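Trainee: Could you take me through one part of this model with care, namely the zinc ion and the pockets, and give the cut-offs behind each term as you go?

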Amino acid sequence: MGAMSDPLTLMTVHAHPDDETIATGGVMAKYAAQGIRVVCVTCTYGEVGEIVVPALDTPANHARLGEIRQLELARALARLGPIEHHWLGYRDSGMEGAPDNDDPRSFWQADLEEATGRLVGIVRRERPHVLVSYNDAGGYLHPDHIRAAQIAKAAFARAGDPLAYGEQLRGPRALEPWAPRKFYEIVLDIERREELNALLREQGIEPPWGPRADETDEQRRAREEWLARMAAAQGPVTTRVDVSDFLEAKHAALREHATQIAQDSPFLAITPAQWRRIAPTEDFTLRESRVAPVRLPEDDLFAGLREQ
Ligand SMILES: [Zn+2]
């Protein structure tokens, strides 16, 4: 395992089309530009997302939203660089508590062992050194994000184990066990949010995560509880990767997710130049490592791997 001939490879594991760009568009573009192999896995097609553009928000488009979002994803990845992509093949589960949570085709209802096996197969085929996904709360408590993180963590633990999913290791298309070296969780950028909020309000945009002017006590409690649950799952920032040269590419990729990301959403209302000032890095928690010694903090997901 880990032959020197294996090209350095990054794999990101995401829940829906658009998450890859929002959360890791900068690092995917940066590492692709360095000639590192970048592979993106998307667990669901995002069938039950909202459509944020009123002109496109039609029953016909909702009926084929999964298809539309597959196209959007392909276009977005093309903006970020040469990036390989796999679908895990599940149905979007919708937000926490939504009826779509109960759909038997949904990722939320999927058998975890089976779902992990699909990802283990992709890991063994693509042989990534670095695996990136969400924390145990899925970043923001969306059921599909929680599931994506669970299977990514399980695949990190088990893809190198010859006793796990042994059927993948036999037969004419047999794969070999492969143990990725580092597992990172994406960190939501809470401490820089005040500056972001101020910039949005200057443009007349109310930050969607902030207190609303007409918020009731009950809504405030629910919002604060949500923020506290998110904060509890978030690890320390161990790794900040400077993506300032790739914010234009990220912005262009965000725009390709046209049904999902409105022009006046925080992501697009802030220009690449403003992002460069507020948040020039994408940040991560190194959660698991098979690299020794690890020196923290890091500024590179491949720290400790390039010299091998
Ligand atoms: Zn998502």
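Mentor: What follows looks at the metal site and then at the two pockets.

This is a predicted model, in which local features need pLDDT of at least 70 and side-chain atom pairs count only at pLDDT 80 or more, while totals for chains, interfaces and linings use all residues. Residues are numbered from 1 along each chain as its sequence is written, and side-chain values use heavy atoms, with hydrogens and water left out.

The zinc ion is coordinated by ND1 of H16, by two OD contacts from D19 and by NE2 of H145, at 2.1 to 2.5 Å; donors here are N, O and S atoms within 2.8 Å of the metal (3.2 Å for Na, K and Ca), and because water is not among the atoms, sites may look incomplete. Along the sequence, the donor residues follow the spacing H-x2-D-x125-H. The arrangement counts as irregular because the 4 donor atoms subtend angles of 54 to 143 degrees around the zinc ion; four donors are tetrahedral if all angles lie between 85 and 135 degrees, four are square planar and six octahedral if opposite donors are over 155 degrees apart and all others between 65 and 115, and anything else is irregular. Of the donor residues, H16 is buried at a relative accessible area of 5%, and D19 is buried as well, at 9%, where buried means under 20% relative accessible area, exposed over 50% and partly exposed in between (1.4 Å probe, protein chains only).

D19 also belongs to the largest pocket, which is lined by 50 residues, with D19, I22, Y140, W209 and F267 lying nearest its centre. Elements giving two or more residues to this lining include α1 (19-33), α7 (217-233) and β7 (281-289); helices (H or I, at least four residues) and strands (E, at least two) are DSSP runs, numbered from the N terminus. A pocket is found on a 1 Å grid over the protein atoms alone, as an open set of points where a 1.4 Å probe fits, with protein on both sides within 12 Å along at least five of seven lines, and lining residues have an atom within 4 Å of a point. The volume of the largest pocket is about 1700 Å³, and its lining divides into 27 nonpolar, 11 polar and 12 charged residues.

The second largest pocket holds about 210 Å³ of space, and W209 is among its lining residues, together with P208, G210 and R212.

Definitions and conventions. Points joined across faces, edges and corners; volume = space filled by probe spheres on them. Nonpolar A, V, L, I, M, F, W, Y, C, P; charged D, E, K, R; others polar.
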